[in-house]
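Reader: I should like a close look at a single part of this protein, with its contacts described residue by residue. Please then set that part in the context of the rest of the model.

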Amino acid sequence: MEAWKNLFVPTPVLWALKSENMVAPTSIQALSIPHAIRDRLDILGAAETGSGKTLAFSIPILHHVLQHQETINSSKNNNIDDNGDNSQGQDNDENTSNDNSDNYDKSDNEVESVDLNELMMEMSDVPDDDDDDDDDDNDSGVEDDEVYDSPPEEVDEEFMHNIVLDPKSTTVKTDKPLIALILEPTRELAIQVKNHIQKAAKYINVQIATVVGGMAPQKQRRILSHCPEIIIATPGRLWELLQEVNPHLIKIPTVKVLVVDEADRMVEKGHFEELSKLFEFMKENVESRLKRQTLVFSATLTMIHQGPNRRLKKKKKKVDPEDKLGLLMQHIGVKQKKKVIDLTNKTGTAGGLTEARINCAKDEKHMMMMMMSRSFCFYSYVKFYLKQKMCFAILKMIFIVLSLKFPGNSDGFLLASDVAARGLDIPNVQHVIHYQVPRTIENYVHRSGRTARANQEGLSVMLISQDDVQNYRKIIKNLNRDEELPVFPVEYQYIPLLKAQLRQALEIDKLDHRFTKVKRQNDWFSKAAEEMEIDIEDEKLLVDLGDSEEQRRHGVKLEQLRSSLKQSLKQPLAPKTFSGKYPTKMGK
């Protein structure tokens, strides 16, 4: 853990990092953490995907939490000392009488509050019977630095959790400050960030809550009633609860740390209208705004892309990275005294990423995808995503829609839109496939960043049809590439078999979907008429599905197609020795 010691990381966090086997910081962590903790500067950090940006802002937040806890404990100790000094000189008998009276009143009328920090210390510092002699001497040759490598004894986390979160407990202080607010663009990313911070806060008594869409508002109000010190939120749900004048959320203008993750996406025009209102709300308290520390991170913070040309805008002002940062600072409220850290390389993508393209017709993209297993597939349009999902289901291929992990089968696929492109750390992603070329360089970088994370290697492949050429040219230009991406090698001998399987799958879907849709519509009208106790006189309301014999023939035809496809799928597409992996830059 030597590499962490000059970064001013709190000792409890070092214990947690050691338990997670994080023995050295990444570049963005090493450059940003000292300026955030020691210098208390606002930070604007840009680094490639998978470089550890979450921990870069999590550690300064935990430092603020520990500082606040130390201040509270010191204040309590001072009050105790003052009370002790004031009581000196009084008569012993009178003191005894008062003490007995106080104890009697406390036992009958009050519940003594529990200091959770003291409780954790007591639980971790209880000496063993055999170690009494060791506690008498502190100068046994153990240096201060060795404290970093000596985490406290494990405490019962479930017991501590119950103490903090039990809503019926009268021993828990509920009027705690809101120390940090972390804003994320998606629910999945907010949950992931919470999990990362909880690991870093393993030895710290702190409450962390997520305020995101897709969760019952009642449950989130109940969580907020415990006054968590750290809130990780998406702008929409946060603003919704803030408008209800939630007692804990109205403390937002006084937060000590504001983190805007994936900042360029969050403040992009036309997105997250609630975020602008939230920033204006936070700027009202001028004193707190000047004291607040703002941390801004993204992999594409300084990247500039050329948007579509508008007819009404004849002269479009060219924006450079400095202008983009200036607009971000003004919008978010970053102070002029700040530290800008830009570690993105010229190409914008991770160093271990191999990039390639496949030129193909639009109706061949399905087949190209099926040749690459364990891939994360991104779609720009919902209709293509739904069509692929249907094909995979009929072809009995393993796939998961927008999940945080791969299926157990090594041939699985992940299907998602650009919602999943930013920040998600999904293990074992070997390939990223762009079913449609993304419209902006930011989306391309973030999509490709789902692989080749944390100095690992990965492969990113764009499927380019005639409709994608314009976006592809724009991506290459904005990535500052002198030449086009290499063409990915395709085993064309497998194409005829794949094309036959796909044609059968589409025919099955067409027949089944058409019949099922009509039958569902007829059933709905029939059920509604039965409930209203009326007869359907207009024959046009019901679509003729044919007599029982025609329906039987339809079922037989579908079964024959499914049986034929099943036999076709039994034929191996590639030799058994083929692993499904493709070489990357280092030939792995």
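Author: Leaving aside neighbours within four places in sequence, D468 is in contact with K365, Q436, V437 and L463. The model in which these contacts are found is a predicted one. D468 is placed in the loop between β13 (458-464) and α17 (469-478). Its relative accessible area is 5%, and the residue is therefore buried, the limit being under 20%.

One of the contact partners of D468 is K365, and this lysine leads on to an aromatic ring. The charged end of K365 sits over the ring of Y435, 5.5 Å from its centre. K365 thus appears in two settings: in contact with D468, and over the ring of Y435.

Y435 in turn has an aromatic partner. The ring centres of Y435 and Y379 are 4.9 Å apart and the planes stand at 35°, so the pair is tilted. Y379 belongs to the loop between β9 (375-378) and α15 (382-394), and Y435 to the loop between β12 (431-434) and α16 (441-448), so the pair ties together parts that are 56 residues apart in sequence. Y379 and Y435 are both buried.

In total, the structure holds four aromatic pairs. A pair of this kind is described by the distance of the ring centres and the angle of the planes. Another of the pairs is formed by F57 and F297, whose ring centres are 5.9 Å apart with the planes at 45°, so this pair is also tilted. F57 lies in helix α3 and F297 in strand β6 (residues 293-298), so the pair ties together parts that are 240 residues apart in sequence. F57 has 0% relative accessibility and therefore counts as buried; F297, at 1%, counts as buried as well.

F57 also provides a route into the nonpolar interior. Not counting residues up to four places away in sequence, I182 touches F57, I61, V193, I197, I230, I231, I232, A233 and V259. I182 is among the residues with the most contacts inside the largest nonpolar core, together with W4, V9, L17, I59, I230 and F376. This core has 51 residues. Helix α3 (residues 53-86) gives the most to this core, with eight residues. At least three residues of the core come from each of domain 1 (1-72 + 175-305 + 321-344) and domain 2 (353-490). Apart from this core lies another, of 32 residues, among them L258, A263, L278 and M282.

Two residues deserve a remark on their backbone. Most residues other than glycine have a negative phi. E262, although not a glycine, has a positive phi of about 50°. E262 is in the loop between β5 (257-261) and α10 (263-266), and its relative accessibility of 4% is the reason why it counts as buried. N21, likewise not a glycine, has a positive phi of about 65°. N21 lies in the loop between α1 (11-19) and α2 (27-37), and at 61% relative accessibility it counts as exposed.

Two further positions may be described in the same manner as D468. L343 has its place in the loop between β7 (338-342) and β8 (353-359), and with a relative accessible area of 33% it is partly exposed. Not counting residues up to four places away in sequence, L343 touches S27, I28, L31, A46 and A47. From L343 to A299 the distance is 9.0 Å, C-alpha to C-alpha, with the two positions 44 residues apart in sequence numbering. S568 is found in helix α19 (residues 548-569), and its relative accessible area of 10% makes it buried. Its contacts, leaving aside neighbours within four places in sequence, are L497, Q501 and Q504.

As for the protein as a whole, it has 19 helices and 13 strands. Of its 588 residues, 43% are buried. Among contacts between residues at least 6 apart in sequence, 76% join residues at least 24 apart. The protein exposes about 33,200 Å², of which carbon and sulfur atoms supply 49%.

To return to the part requested: D468 is a buried loop residue, in contact with K365, whose charged end sits over the ring of Y435.

Methods. Residues numbered from 1 in each chain as written. Predicted model: local features only at pLDDT ≥ 70, side-chain atom pairs only at ≥ 80, totals over all residues. Heavy atoms only, no water. Core = buried A, V, L, I, M, F, W, Y, C linked by side-chain atoms within 4.5 Å. Buried < 20%, exposed > 50% of the residue type's maximum accessible area, 1.4 Å probe, protein only. Helix = DSSP H or I, 4+ residues; strand = E, 2+ residues; numbered from the N terminus. Domains from an automatic or database assignment. Contact = heavy atoms within 4.5 Å. Phe/Tyr/Trp six-rings, centres within 6.5 Å; stacked < 30°, edge-to-face > 60°. Lys NZ or Arg CZ within 6 Å of the ring centre and 35° of its normal. Areas by Shrake-Rupley, 256 points an atom, 1.4 Å probe, with all protein chains shown as cover.
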